[in-house]
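Subject: A structure to look through

Dear colleague,

I am handing over a structure that I would like you to open beside this message. Please look it over once before you read my notes, and then go through them slowly with the model in view.

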Amino acid sequence: MVMKSILCYVQFLEVDTSGNLIVINQDDTYNNVSLSTGDTLTFDSVSAKLNPDEPLSSQLNYVPGGVLMSLRAKSEGSEMIVTNRVSWMYTNSCESVPTSVGDAIGWITLSDQTEASQAFCPVAASATPTLSPTKTVTVTPTASPVAATDPPTSSPTKTPSLAPIASTDPPSSSPSKAPTPSPVASCVCSPLSYTFTINLNQNCDTDTFIDNPGIGIGDTVCLVINDDDVDFDTLEVIDVQFLQVDTSGKLIVINQDDTYNNVSLSTGDTITFDSVSAKLNPDEPLSSQLNYVPGGVLMSLRAKSEGSETIVTNRVHLGYTNSCESLPTSVGDAIGWITLVSSAQLELVVTSFAFDVVTSHG
């Protein structure tokens with residue numbers, strides 16, 4: 001008997017052109033929905049805000065470097081979540097259009113789009129200077145999981161700094177402190193397990209992890225669609241997602257934990273995650289176990305206040321250097337809504353540590 005799958009949540013993100021996957025547009029319209037095969041989703045691009053009378057270089061906060069989407073589905077009568085993550089990046093070339101109606105990826109097919117303006121894209125079919133690559137996609141959820149693709153990441157501040165210019169070349173990675181990790185890690189000094197304690201008073205832009213020599217990237221941002229009805233004094237965490245990515249620099253997910261889905265967590269509550277690095281075998285070379293070597297952690301914490309349906313999201317990204325000379329974490333380190341409260345090292349390859357989760361307007 002085939003169980004019918006229902007799409008219950010879709011998130012649409014656009015990232016900048018820096019190569020660091022800094023979020024410049026977030027749309028959580030399709031939250032707590034019930035969608036099936038054949039239903040459509042429509043999203044407006046941040047590029048619709050571009051002004052053709054101003055130079056592109058002065059409007060980089062409206063220039064998307066790519067799209068990241070997360071689609072969650074479950075079967076009728078089941079609470080188990082199946083997640084499809086998709087991403088595509090733009091070259092921002094003046095000689096080609098990146099998408100066409102009929103293109104498909106994961107569970108979605110592009111069924112309609114408003115072409116970009118010829119003011120910024122000479123080869124675009126549109127002859128009008130209005131920009132809105134509004135994308136309508138057709139949903140096709142399935143009951144079986146698909147291979148995880150590049151996940152969403154976070155940005156360092158509410159108004160992130162952007163790349164100097166949107167070039168015609170593909171976005172190049174420029175991490176905040178260290179080069180993109182090599183596909184072959186030297187050592188694995190990141191934790192075996194993570195325990196966090198919730199604390200809803202810390203500013204979202206807090207980041208002291210970045211001061212550690214074992215951290216290459218430390219990004220955090222809080223995003224609110226409409227904060228008119230958000231009471232930050234009664235904010236509770238309702239969903240936490242924990243992802244570990246590989247060492248390729250492409251943010252390929254090698255471990256995903258959605259244990260804390262549909263929860264109600266307040267200051268003082270704890271959450272625990274196991275690292276994929278716990279599967280490493282010390283008797284085998286590291287180069288043959290790269291699927292167990294984390295290059296970093298991505299976390300998404302969603303919260304809402306009492307009596308409100310508005311979602312406040314804190315996105316955190318920690319990238320490891322995987323250096324053999326330094327540990328990436330120290331007790332007391334904080335980023336976004338989480339604070340490291342304890343740490344323990346295991347052998348030479350892995351450590352174990354704990355955290356604190358915190359929220360505020362910051």
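The notes below go through a strand, the salt bridges, the cysteines and a cavity, in that order. Please keep in mind throughout that this is a predicted model.

Let us begin with strand E16, which is largely enclosed by the rest of the structure, because nine of its nine residues are buried. In a regular strand the side chains alternate between the two faces of the sheet. In E16 both faces are covered, with Val312, Asn314, Val316, Leu318 and Tyr320 buried on one side, and Thr313, Arg315, His317 and Gly319 buried on the other. E16 also has strand partners: strand E11, covering residues 215-224, runs antiparallel to E16 and is joined to it by nine bridges, while strand E15, covering residues 296-304, pairs with E16 in the antiparallel sense over eight bridges. If you would like particular positions to look for, Leu223 stands opposite Thr313 in E16, and Ala303 stands opposite Val312 in E16.

Next come the charged pairs. Side chains of opposite charge can pair when their charged atoms come close. The structure holds three salt bridges. In one of them, Arg72 pairs with Asp239, and the closest N and O atoms are 3.1 Å apart; this pair links distant parts of the chain, since Arg72 lies in strand E5 (residues 66-75) and Asp239 in strand E12 (residues 236-245), 167 residues apart. Asp239 also forms a salt bridge with Arg302, where the closest N and O atoms are 3.8 Å apart, and here too distant parts of the chain are linked, with Asp239 in strand E12 and Arg302 in strand E15, 63 residues apart. Arg72, Asp239 and Arg302 are therefore linked in a network of salt bridges. Each member of this network is buried: the relative accessible area is 8% for Arg72, 3% for Asp239 and 7% for Arg302.The side chains of Lys304 and Glu309 also meet in a salt bridge, at 3.1 Å from N to O. Lys304 is partly exposed, with a relative accessible area of 24%, and Glu309 counts as exposed at 59%.

Now to the cysteines. Which two of them does a disulfide join? The disulfide joins Cys187 to Cys324, with 1.8 Å from S to S, and the structure holds one such bond. Its two ends come from distant parts of the chain, 137 residues apart: Cys187 is in the loop between strands E9 (135-139) and E10 (191-197), and Cys324 is in the loop between strands E16 (312-320) and E17 (334-335). Cys187 is buried, with a relative accessible area of 17%, whereas Cys324 is partly exposed at 47%. Cys189 is in no disulfide, and the nearest cysteine sulfur, that of Cys187, is 5.3 Å away. The sulfur of Cys121 is 7.3 Å from the closest cysteine sulfur, in Cys94, which is too far for a bond.

Finally, a search of the whole structure finds two cavities of 30 Å³ or more. The second largest cavity holds about 30 Å³ of space, and its lining includes Cys189, Ser190, Gly214 and Tyr320. By class, that lining has three nonpolar, six polar and no charged residues.

With best wishes

Conventions:
Residues numbered from 1 in each chain as written. Predicted model: local features only at pLDDT ≥ 70, side-chain atom pairs only at ≥ 80, totals over all residues. Heavy atoms only, no water. 1 Å grid on protein atoms, 1.4 Å probe; cavity = no way out; pocket = protein on both sides within 12 Å on 5 of 7 lines; lining within 4 Å. Points joined across faces, edges and corners; volume = space filled by probe spheres on them. Nonpolar A, V, L, I, M, F, W, Y, C, P; charged D, E, K, R; others polar. Disulfide = S-S within 2.5 Å. Helix = DSSP H or I, 4+ residues; strand = E, 2+ residues; numbered from the N terminus. Buried < 20%, exposed > 50% of the residue type's maximum accessible area, 1.4 Å probe, protein only. Pairing = 2+ DSSP bridges. Salt bridge = Lys/Arg side-chain N within 4 Å of Asp/Glu carboxyl O.
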